[in-house]
Amino acid sequence: MKKSNKPKRKERPVSVPRFSGKVALVIPCYNEADRIPLLVSTLKQFESKWQGTYEVIAVNDGSTDGTLSKLQEQLPQNLSKAERIEILDVSQNQGKGNALKVGVEKAKGDFVLTLDADMATSPLELNNWLRILPKKSFSTNEILIGSREHADSKVKGDMMRKIMGVVFNFIIQLFTSLNHRDTQCGFKLYPLPLAKQLFANLKTKGWAHDVELLYKADLMGIPIRSMPIAWKHMEGTKIKVVKDSVGMFFQSLWISLSTKFDWFVKQPLADLKNKQATGDESSIFRFLFVGLALLLLVLMPVLSSDYGISGDEYTQHIYGEKLVKYYDSNGENTEALEYKNLKYYGGLFDYIATKLNSNGDGGYHFDIYEFRHLINSLFGFLVILFAGLLAFQMSDSWKVA
């Protein structure tokens with residue numbers, strides 16, 4: 001085969017984005033002694049290619065393996081361009097969320113980057129983010145979160161951890177308004193004022209702290225953008241798949257309930273007390289929304305027994321009985337399909353109202369029509385609640401809702 005004399009095309013150097021601000025790298029560390037060399041070498045690569053100024057705040061979270069002494073010895077010796085290096089010591093291990101809270105409190109500059117000590121994602125990803133962001137700069141009112149589920153991300157990890165992440169994020173979307181596919185990646189960039197505000201009020205000390213932070217930010221109307229990253233699974237992870245999955249489930253449920261209480265009740269009442277609940281979009285309107293919803297939830301079922309029987313309820317009840325027979329017989333009893341023309345209208349309500357009241361012996365636990373009215377009131381409440389929430393989504397106003 002003849003060799004080509006055509007000269008090889010020179011690859012164009014990848015431009016390094018310029019960034020005039022300052023980023024604080026906040027790194028929680030718990031028993032990371034064996035990983036300190038990797039942490040240091042990754043930070044050295046970062047400072048060689050980063051155009052802006054930066055500082056490092058490492059938080060030793062009660063380590064028992066010499067992590068603190070290694071941080072104190074190796075970080076100052078190897079990072080010559082860092083504007084400031086601060087190593088904080090939490091004497092007793094309290095969790096990743098608490099360690100980050102301690103670190104963010106000391107951060108200075110324009111932005112805070114939280115990242116894991118295992119350097120699964122290098123801080124150099126910030127350069128890649130600057131290249132693809134619309135204005136080639138970080139926004140002062142937007143949170144950027146690294147997402148391993150982003151279409152452009154490059155991920156090397158074990159399948160079990162990926163499955164755990166998918167399940168956990170499904171739970172997050174179930175309990176909160178967050179619709180991001182990966183909330184648990186530790187690589188997140190916050191504008192400093194937002195980071196100070198969110199972390200100062202952080203209650204969750206463990207792994208699920210991300211849920212609380214992002215959920216609060218979402219309720220406050222702060223934009224959250226998922227960004228692509230290069231992420232590599234590192235051996236020696238502190239996460240225990242089964243145990244932590246169960247713990248995260250209950251933590252997420254608690255975070256959802258407590259955050260909702262703070263947002264819809266506690267804060268509006270505090271604003272009212274401090275005379276800050278003023279204006280058309282006052283926090284008091286979301287308090288009134290919840291208050292009216294709870295009032296309806298009580299009053300509608302209580303008053304439902306006082307209403308009379310409508311003209312077609314007898315027919316609908318008979319249809320409900322036939323539907324129960326149809327499903328209990330696995331479709332063998334087809335009376336429901338032949339009863340008048342009701343099969344064309346759907347029988348979900350009639351089936352539920354009859355099935356829940358049936359005692360299994362052909363009788364009923366409660367009066368047939370009073371029970372139907374009770375179930376009807378609950379269905380009606382859900383429709384009213386949905387209408388109010390839809391009004392909020394369309395208008396972004398709790399007053400309208």
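1. Lining of the largest cavity. In this predicted model, the residues around the largest cavity fall into 6 nonpolar, 2 polar and 2 charged. They are Leu115, Asp116, Asp118, Met119, Ala120, Thr121, Cys185, Gly186, Phe187 and Trp231. The volume of this cavity is about 50 Å³.

2. The second largest cavity. The structure has 2 cavities of 30 Å³ or more. The second largest holds about 30 Å³ of space, and its lining consists of Pro28, Lys96, Leu100, Thr114, Leu115, Asp116, Gly186, His209 and Asp210. By class these are 3 nonpolar, 3 polar and 3 charged residues. Helices α3 (96–106) and α7 each contribute at least two residues to this lining. Leu115, Asp116 and Gly186 belong to the lining of the second largest cavity and also to that of the largest.

3. Helix α7. This helix covers residues 209–219, and 9 of its 11 residues are buried, so the rest of the structure largely encloses it. The buried residues are His209, Asp210, Val211, Glu212, Leu213, Leu214, Tyr215, Lys216 and Ala217. Two of them, His209 and Asp210, also line the second largest cavity. After α7 comes glycine 221, with a positive phi near 85°.

4. The largest nonpolar core. In soluble globular proteins, nonpolar side chains tend to be buried together. The largest nonpolar core here has 38 residues, and Leu126 and Phe138 touch the most other members. Two or more residues come from each of β1 (22–29), α1 (36–49), β2 (53–61), α2 (67–78), β4 (111–114) and α4 (125–132). The biggest share is that of α1, which gives 5 residues.

5. Leucine 126 and the second core. Apart from neighbours within four places in sequence, leucine 126 contacts Val23, Phe46, Trp50, Leu113, Phe138, Phe187 and Leu189. One of these, Phe187, is also in the lining of the largest cavity. A second core, separate from the largest, has 34 residues, including Ala195, Leu213, Leu214 and Tyr215. Leu213, Leu214 and Tyr215 are among the buried residues of α7.

6. Overall form. The chain contains 13 helices and 9 strands. Its radius of gyration is 29 Å, well over the 21 Å that the globule rule gives for 401 residues, so the chain is more spread out than a compact globule. Along the principal axes, the C-alpha atoms fill a box of roughly 85 × 75 × 45 Å. Buried residues make up 44% of the 401 in the chain. Of the contacts between residues at least 6 apart in sequence, 76% join residues at least 24 apart.

7. Asparagine 31. Most residues other than glycine have a negative phi. Asparagine 31 has a positive phi, near 50°. This residue sits in the loop between β1 and α1. With a relative accessible area of 23%, asparagine 31 is partly exposed, because the cut-off for buried is under 20% and that for exposed is over 50%.

8. Lysine 275. Here too phi is positive in a residue other than glycine, with a value near 60°. Lysine 275 lies in the loop between α8 (241–273) and α9 (284–304). Its relative accessible area is 73%, so lysine 275 is exposed.

Notes. Residues are numbered from 1 along each chain as its sequence is written. This is a predicted model: local features need pLDDT of at least 70, side-chain atom pairs count only at pLDDT 80 or more; totals for chains, interfaces and linings use all residues. Side-chain values use heavy atoms; hydrogens and water are left out. Buried means under 20% relative accessible area, exposed over 50%, partly exposed in between (1.4 Å probe, protein chains only). Helices (H or I, at least four residues) and strands (E, at least two) are DSSP runs, numbered from the N terminus. On a 1 Å grid over the protein atoms alone, a cavity is a set of points where a 1.4 Å probe fits but cannot get out, and a pocket is an open set with protein on both sides within 12 Å along at least five of seven lines; lining residues have an atom within 4 Å of a point. Grid points are joined across faces, edges and corners, and a volume is the space filled by probe spheres set on the points. Ala, Val, Leu, Ile, Met, Phe, Trp, Tyr, Cys and Pro count as nonpolar, Asp, Glu, Lys and Arg as charged, and the others, Gly among them, as polar. A nonpolar core is a set of buried Ala, Val, Leu, Ile, Met, Phe, Trp, Tyr and Cys residues joined through side-chain atoms within 4.5 Å. Contact means heavy atoms within 4.5 Å. The radius of gyration is taken over C-alpha atoms; the globule rule is 2.2 Å times the number of residues to the power 0.38.
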